[in-house]
Amino acid sequence: MTMQAERSQELPTIAEAEALTSAAALFHSLGDPSRLVILQHLQLGEHRVVDLVKHLGLSQSTVSKHLACLKDTGMVVSRAEGRASMYSLAHPDAFVAILAAAEKMLALTGDVVRLCPHHHGASNAVVGEA
């Protein structure tokens with residue numbers, strides 16, 4: 001095999017690089033404890049920012065900033081209700097599957113963390129300002 005052929009097999013194609021960029025954005029959206037807590041809370045159903053602030057003990061600006069990130073990555077959707085916006089998970093079943101896969105990976109790597117309250121039947125979320 002020539003040196004050029006070897007290099008072309010090692011380098012990702014443009015499509016593969018774009019797919020990796022999308023995956024990186026998805027993992028970034030899950031990479032903050034406050035965003036994970038917000039996502040876990042949205043598993044319970046639709047919430048307004050004010051509801052999330054009250055339930056999670058996070059500041060309004062923190063919740064709004066994280067919801068904007070989660071909307072940008074397609075994890076969360078919103079709809080208008082009067083003057084407020086109602087936020088919910090865009091793909092609840094896929095989110096539960098992601099958390100289950102993360103738990104499995106963490107268990108395999110020796111760092112067991114209970115991320116998904118619906119997967120285990122009990123809530124184990126820790127809320128805190130990021």
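## Report on a predicted protein chain

Buried residues make up 28% of the 130 residues in the protein chain, and the model described here is a predicted one. The chain has 7 helices and 2 strands, and, read along the sequence, these elements follow the pattern α-α-α-α-α-β-β-α-α. The surface that the protein chain exposes comes to about 8,400 Å², of which carbon and sulfur atoms supply 58%. Among contacts in the protein chain with a separation of 6 or more, 51% are between residues 24 or more positions apart.

### The nonpolar core

In soluble globular proteins, nonpolar side chains tend to be buried together. In this model the largest nonpolar core has 18 residues, and those with the most contacts inside it are Ile38, Leu39, Leu42, Leu67 and Val76. Two or more residues of this core come from each of helix 3 (33-42), helix 4 (49-56), helix 5 (60-72), strand 2 (84-89) and helix 6 (92-108). Helix 3 gives the most to the core, with 4 residues.

Val76 offers a view of the surroundings of one core residue. Leaving aside residues up to four places away in sequence, Val76 touches Leu39, Leu42, Leu67, Leu70, Lys71, Tyr87, Ser88 and Ala90. Among these neighbours, Leu39, Leu42 and Leu67 are also listed with Val76 as having the most contacts inside the core.

### Helix 4 and its buried face

Which residues of helix 4 are buried? They are Val49, Asp51, Leu52 and Leu56. Seen down the axis of helix 4, these buried residues fall within an arc of 160°, so they line one face of the helix. An α-helix has 3.6 residues a turn, so residues three or four places apart point the same way. The cover over the buried residues of helix 4 includes helix 3, helix 5 and strand 2. After helix 4 comes Gly57, whose phi is positive, near 75°.

Asp51, which lies in helix 4, is a charged member of this buried group, and its relative accessible area of 18% is the reason it counts as buried, because the limit for that class is under 20%. The side chains of Asp51 and Arg48 are joined by a polar contact of 2.9 Å, and the two residues also form a salt bridge. Arg48, for its part, counts as partly exposed, at 34% relative accessibility.

### Salt bridges

Side chains of opposite charge can pair when their charged atoms come close. In this model the count comes to 3 salt bridges, and the table gives the distance between the closest N and O atoms for each pair.

| Salt bridge | Closest N and O atoms |
|---|---|
| Glu46 and Arg79 | 2.7 Å |
| Arg48 and Asp51 | 2.9 Å |
| Glu81 and Arg79 | 3.0 Å |

The pair of Glu46 and Arg79 links distant parts of the chain, since Glu46 is in the loop between helix 3 and helix 4, whereas Arg79 is in strand 1 (residues 76-81), 33 residues apart. Arg79 also forms a salt bridge with Glu81, and Glu46, Arg79 and Glu81 are thus linked in a network of salt bridges.

How exposed are the members of this network? Glu46 counts as partly exposed at 34% relative accessibility, Arg79 is partly exposed with a relative accessible area of 37%, and Glu81 counts as partly exposed at 42%. Asp51, in the pair with Arg48, counts instead as buried, at 18% relative accessibility.

### Ser29 in helix 2

Ser29 is found in helix 2 (residues 14-29). Is Ser29 buried or exposed? Ser29 is buried, with a relative accessible area of 0%. The side chain of Ser29 reaches the backbone oxygen of Leu26 at 2.6 Å. Not counting residues up to four places away in sequence, Ser29 touches Arg35, Cys69, Leu70, Thr73 and Met75. Leu70 is also among the residues that Val76 touches.

### Summary

Taken together, the predicted model shows a chain of 7 helices and 2 strands, with a largest nonpolar core of 18 residues to which helix 3 gives the most. Helix 4 carries buried residues that line one face, including Asp51, while Glu46, Arg79 and Glu81 are linked in a network of salt bridges.

Definitions and conventions. Residues are numbered from 1 along each chain as its sequence is written. This is a predicted model: local features need pLDDT of at least 70, side-chain atom pairs count only at pLDDT 80 or more; totals for chains, interfaces and linings use all residues. Side-chain values use heavy atoms; hydrogens and water are left out. Buried means under 20% relative accessible area, exposed over 50%, partly exposed in between (1.4 Å probe, protein chains only). Contact means heavy atoms within 4.5 Å. Accessible areas come from the Shrake-Rupley method with a 1.4 Å probe; for residues, only the protein chains shown count as cover. A nonpolar core is a set of buried Ala, Val, Leu, Ile, Met, Phe, Trp, Tyr and Cys residues joined through side-chain atoms within 4.5 Å. The arc is that of the directions from the helix axis to the C-beta atoms. A polar contact is a pair of N or O atoms within 3.5 Å; within protein, one must be able to donate a hydrogen and the other to accept it, and residues adjacent in sequence count only if both atoms are side-chain atoms. A salt bridge is a side-chain nitrogen of Lys or Arg within 4 Å of a carboxyl oxygen of Asp or Glu.
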